[in-house]
Amino acid sequence: MSLSTLGKSISDVEVTNISTHGIWLLVRDHEFFLPYSEFPWFREQPVAAIIAVEEIRPGHFYWPELDVDLTETMLAHPEDYPEIAQ
């Protein structure tokens, strides 16, 4: 058996890792770390709900099973949006 190069991703957004500290979200060529301390909605959720993310329009992400929506700006600069985690 030989390994071949993977094809092009069919999604522009993908959860690439889930840990005890947070989740990693790959958006096109940029990976964001979403710590549970700043994005508490993902803590203690089923994996299936966390990986079911959709890009509903460019730079706007939605997790339908969790009813969470975030923008790329919120992911890049969560310190500018302290109210999102309250």
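**Notebook: R28 and its surroundings**

I started with R28, which counts as partly exposed at 37% relative accessibility. Partly exposed is the label because 37% falls between the cut-offs of 20% for buried and 50% for exposed. Note to self: this is a predicted model.

**Entry 1: the salt bridges**

How many salt bridges does the count come to? I get 2 salt bridges.

I looked up the pair R28 and E55 and found a salt bridge, with the closest N and O atoms 3.0 Å apart. This pair links distant parts of the chain: R28 sits in the loop between β2 (22-27) and β3, while E55 belongs to strand β4 (residues 54-57), and 27 residues separate them. I checked E55 for exposure too, and at 23% relative accessibility it counts as partly exposed.

Next I took E72, which forms a salt bridge with R28; here the closest N and O atoms are 3.2 Å apart. E72 is in helix α2 (residues 72-76) and R28 is in the loop between β2 and β3, so this pair ties together parts that are 44 residues apart in sequence. E72 is partly exposed, with a relative accessible area of 26%. Sharing partners, the salt bridges join R28, E55 and E72 into one network.

**Entry 2: stepping back to the whole chain**

What does the secondary structure of the chain come to? I wrote down 2 helices and 6 strands. Reading from the N terminus, I get the elements in the order β-β-β-α-β-β-β-α.

The chain has 86 residues, and 30% of them count as buried. I also looked at contacts between residues at least 6 apart in sequence: 34% of these join residues at least 24 apart. For the accessible surface I noted about 5900 Å², with 53% of it belonging to carbon and sulfur atoms.

**Entry 3: β1, β2 and β3**

I followed the strands from the start of the chain. β1 and β2 pair in the antiparallel sense, over 5 bridges. They form a hairpin with 3 residues between them. As a sample pair I picked N17, whose bridge partner in β2 is W24.

Then I moved on to β2 and β3, which run antiparallel and are joined by 6 bridges. In this pairing L26 stands opposite E31 in β3. β2 and β3 form a hairpin as well, with 2 residues between them. My old friend R28 shows up in that turn, with a positive phi of about 50°.

A reminder from class: side chains in a regular strand alternate between the two faces of the sheet.

**Entry 4: the end of β3**

Is P35 buried or exposed? P35 counts as buried, because its relative accessibility is 15% and the cut-off for buried is under 20%. P35 lies in strand β3 (residues 30-35). Leaving out residues up to four places away in sequence, P35 touches H21 and G22. I checked the C-alpha atoms of P35 and H21 and got a separation of 5.7 Å, although the two are 14 residues apart along the chain.

**Entry 5: the sheet of β4, β5 and β6**

Which order do the 3 strands of the open sheet take? I found β4-β5-β6, with antiparallel pairing. β4 and β6 (68-71) stand at the edges with a single partner strand each, so one side of each has no neighbour in the sheet. On average, neighbouring strands here are turned by 30° against each other, direction ignored.

I counted 3 bridges joining β4 to β5, which run antiparallel. One sample pair is E54, whose bridge partner in β5 is Y62.

I then looked at H60, found in strand β5 (residues 60-63). H60 is buried: its relative accessible area is 12%, and that makes it buried because the cut-off is under 20%. Leaving aside neighbours within four places in sequence, H60 is in contact with E54, E55, D69, L70 and T71. E55 on that list is the residue that pairs with R28 in a salt bridge.

**Entry 6: a nonpolar patch**

Last, I looked up the surface. Which residues make a nonpolar surface patch of about 240 Å²? They are I18, V47 and I51. I18 lies in strand β1 (residues 13-18) and counts as partly exposed, at 30% relative accessibility.

Note on methods
Residues numbered from 1 in each chain as written. Predicted model: local features only at pLDDT ≥ 70, side-chain atom pairs only at ≥ 80, totals over all residues. Heavy atoms only, no water. Helix = DSSP H or I, 4+ residues; strand = E, 2+ residues; numbered from the N terminus. Buried < 20%, exposed > 50% of the residue type's maximum accessible area, 1.4 Å probe, protein only. Contact = heavy atoms within 4.5 Å. Salt bridge = Lys/Arg side-chain N within 4 Å of Asp/Glu carboxyl O. Patch = residues over 30% accessible without salt bridge, like charges linked within 9 Å, V, L, I, M, F, W, Y side chains within 5 Å. Areas by Shrake-Rupley, 256 points an atom, 1.4 Å probe, with all protein chains shown as cover. Pairing = 2+ DSSP bridges. Axes fitted to C-alpha atoms, helices over the stretch in contact; angles between N-to-C directions.
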